[in-house]
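Subject: Structure for you, with notes

Hello,

Here is the structure I promised to pass on. My notes come after it.

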Amino acid sequence: MVDITHYLVLSTIVFSIGVVGVLTRRNVIIILMSIELMLNSVNLNLVAFSDQLQDPSGQVFAIFVITVAAAEAAVGLGIIIALFRNKETVNVDEIDLMRG
Amino acid sequence: MDINYTAILPEIMLSLVGICIMLLIPFVPRERQTHLGYLALAGIVLAFFGVAMGWGQTDLAFSEMIFQDDFGQFSKIFFLFVSTVILLISMNYLEQEKLFQGEFFVLLLFATVGMLFMATSADLIMTFLGLEVLSISTYILAGFKERERKSSEAAWKYFLLGAFSTAFLLYGIAFVYGATGSTKYLQIAEAIQASPDYSLILFVGLGLMMVGFGFKVALAPFHAWTPDVYEGAPIPITALLAVASKGAALLALVRILYQVFPDLSQQWQAILWPMAVMTMAIGNIAALTQSNIKRMLAYSSIAHAGYLLVGLTAHNPLATQGILFYLVAYAFMTLGALIVVQIVGRREEQHTTIEDYNGIGYRYPFLGIALSVFLISLAGIPATAGFMGKLFVFSAAVQSQMYGLVVIALVTSAIGLYYYLRVIVSMYMGEFKTEKIPITISMPLRIILTLLVLGTLYLGILPGSLLNLAEEAASF
């Protein structure tokens, strides 16, 4: 029997991979993919809770998250293209005009 | 199923006008797109009427998704006011910088819709959607000068940390949903009240949500993106981020902490207390060494978020009232200061260091007086709006017996005096350099600046009328 804990552990692992990816990777595209991974672990959580609680609003929420993640990825890629046109790089360490 | 359209009438108006402008963009030649700005202005005016139509009504509309209450109406008026000012100053700016105009207005309207939804949402799904509508629009707006490296870099940094923090917020929301079985504010509050043995999942959820909101409000230690993004973004968008985006996230946080988690106040106060101290200290100390005025104002906005957080930590009715008052005062002085920065910056924002302000006070007395009033108010000197705001927020904290926090707040705001007065000193005592491009102030900007100066002084001397409005709005 697969109970809720299994889903939570899986989603925590996926979320952590995403966080580590954002913090350690230097390629902007891979960073974007890592953020998608984090959002998808949220979906996993929402659907698992929704199933456990027998309440549909978690699944509705997951669909909203997917939609918004798509919009966010589109804008993110647009920004990367604008950035690449101004400075031919996809390495975050070279995006350093302003330092704070 | 109750559908009460008056609860979201302003949002409907803004969205419809936004879509209309989007459809009109291809048919309007680029040099005449300023007219679309007037159309956007008409949309905001319609939204004001929309708020007026629902004035005073209280309701829980769209199957408990949207609150219609005084707090919501107050916030809506506030955000619509900020958007109006930003729209008016950006029309000037876009023409001067030769940027796309129609798209800018559309995104500004959509960002406003997001803010309004955040301030009135009664459901975590709605809060998330409002936040994302606001964030995605502002990601694009931050990078609007698409040929300039600084602006693209600002957009990237804002997008990266924004999306990263959204993931934390969502992860937190998922846990809160799992622990309480609902995404609706009132049902979550009931569930927490009904079972006083709180689960670990609930605490983790609350903590992660605070991380998410901490990024959006730019609280330390999640403030690192702020100076870079504020420096690189076009000035009207810096104003939008500093006032409206921060305000929307803060008001959503007020509602969530005070309405959803009032029973966990001890726990979240324990998190907010050190965050408030760090935010005030980092904001004020880092601002001391800045040479770019946009960056200095970015750190100053972090410091002000810290003062607002002092009020939030206090958790009493006076605190809500103080936060609402402070937010309006903060909007007046920050918008005003940034408008002066835009005027002095001239083409391509070439003049944004503090040295560029040398001698401006005598050469351009109007700008000198205006900027002095705004900076004195930001520093919190009596007879200005900033002083009154601080007074109310800090007295709320005293009422909750948080003396330590208030002492730290006072010490850090004393440090803040230095960097605000430094600009005034260089304006009046620095030596004026002859300039290649003279400073010109267009009529609309002159009128807005005058009104903001008068507003800042009025709220500082006679705060009663706004305070009464805030008091009504503070009762959830």
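The notes below cover chain B as a whole, then the open and closed spaces, and last some single residues.

Please keep in mind that this is a predicted model.

Chain B overall

Chain B is built from 20 helices and two strands. Its radius of gyration is 21 Å, close to the 23 Å that the globule rule gives for 476 residues, so chain B is as compact as a globular protein of that length. The C-alpha trace of chain B spans about 70 × 55 × 40 Å along its principal axes. Of the 476 residues in this chain, 65% count as buried. If you take the contacts in chain B between residues at least 6 apart in sequence, 82% of them join residues at least 24 apart.

One helix of chain B, α5 (102–120), can serve as an example. At 1.5 Å a residue, the 19 residues of α5(B) should span 27 Å, and the end C-alpha atoms are 28 Å apart, which agrees. Of those 19 residues, 17 are buried, so α5(B) is largely enclosed by the rest of the structure.

Pockets

Rolling a probe the size of a water molecule over the atoms shows where empty space is left. The largest pocket holds about 600 Å³ of space. Its lining has 24 residues, and those nearest the centre are B:K157, B:L160, B:L161, B:A224 and B:D228. Two or more lining residues come from each of α1 (4–24) of chain A and α7 (149–180), α9 (200–217) and α10 (225–232) of chain B. The largest share, five residues, is supplied by α7(B). Sorted by class, the lining of this pocket has 16 nonpolar, six charged and two polar residues.

The second largest pocket has a volume of about 410 Å³. It is lined by 16 residues, with A:G78, A:A82, B:I140, B:G143 and B:E146 nearest its centre. Here too both chains contribute: α3 (57–86) of chain A, and α5, α6 (124–142) and α7 of chain B, each supply at least two lining residues. In this case the largest share, six residues, comes from α3(A). The lining of the second largest pocket consists of ten nonpolar, three polar and three charged residues.

The cavity

How many cavities of 30 Å³ or more are there? The count comes to one, and about 30 Å³ of space lies in it. The residues lining the cavity are B:Y158, B:L161, B:G162, B:S165, B:F215, B:K216 and B:W225. Helices α7 and α9 of chain B each give at least two residues to this lining, and α7(B) has the largest share, with four. By class, four of the lining residues are nonpolar, two are polar and one is charged. B:L161 appears in both lists, as a lining residue of the cavity and as one of the residues nearest the centre of the largest pocket.

A buried glutamate

B:E231 sits in helix α10 of chain B. Is B:E231 buried or exposed? Its relative accessibility is 11%, which is under the 20% cut-off, so B:E231 counts as buried. Beyond its neighbours within four places in sequence, B:E231 is in contact with A:M98 from chain A, and with B:K150, B:N292, B:K294 and B:R295 from chain B.

Backbone points to check on screen

Most residues other than glycine have a negative phi, and most peptide bonds are trans. Three places in chain B are listed here with that in mind.

- The peptide bond from B:A220 to B:P221 is cis, with omega near 5°. B:P221 belongs to the loop between α9 and α10 of chain B.
- B:K98 is not a glycine, yet has a positive phi of about 55°. This lysine lies in the loop between α4 (70–97) and α5 of chain B. With a relative accessibility of 61%, B:K98 counts as exposed.
- B:A383 also has a positive phi, about 75°, without being a glycine. The loop between α16 (365–379) and α17 (385–399) of chain B holds this alanine. B:A383 is partly exposed, with a relative accessible area of 39%.

Best wishes

Methods. Residues are numbered from 1 along each chain as its sequence is written. Chains are lettered from A and ligands numbered from 1 in the order in which they are written. This is a predicted model: local features need pLDDT of at least 70, side-chain atom pairs count only at pLDDT 80 or more; totals for chains, interfaces and linings use all residues. Side-chain values use heavy atoms; hydrogens and water are left out. On a 1 Å grid over the protein atoms alone, a cavity is a set of points where a 1.4 Å probe fits but cannot get out, and a pocket is an open set with protein on both sides within 12 Å along at least five of seven lines; lining residues have an atom within 4 Å of a point. Grid points are joined across faces, edges and corners, and a volume is the space filled by probe spheres set on the points. Ala, Val, Leu, Ile, Met, Phe, Trp, Tyr, Cys and Pro count as nonpolar, Asp, Glu, Lys and Arg as charged, and the others, Gly among them, as polar. The expected span of a helix is 1.5 Å times one less than its number of residues. Buried means under 20% relative accessible area, exposed over 50%, partly exposed in between (1.4 Å probe, protein chains only). Contact means heavy atoms within 4.5 Å. The radius of gyration is taken over C-alpha atoms; the globule rule is 2.2 Å times the number of residues to the power 0.38.
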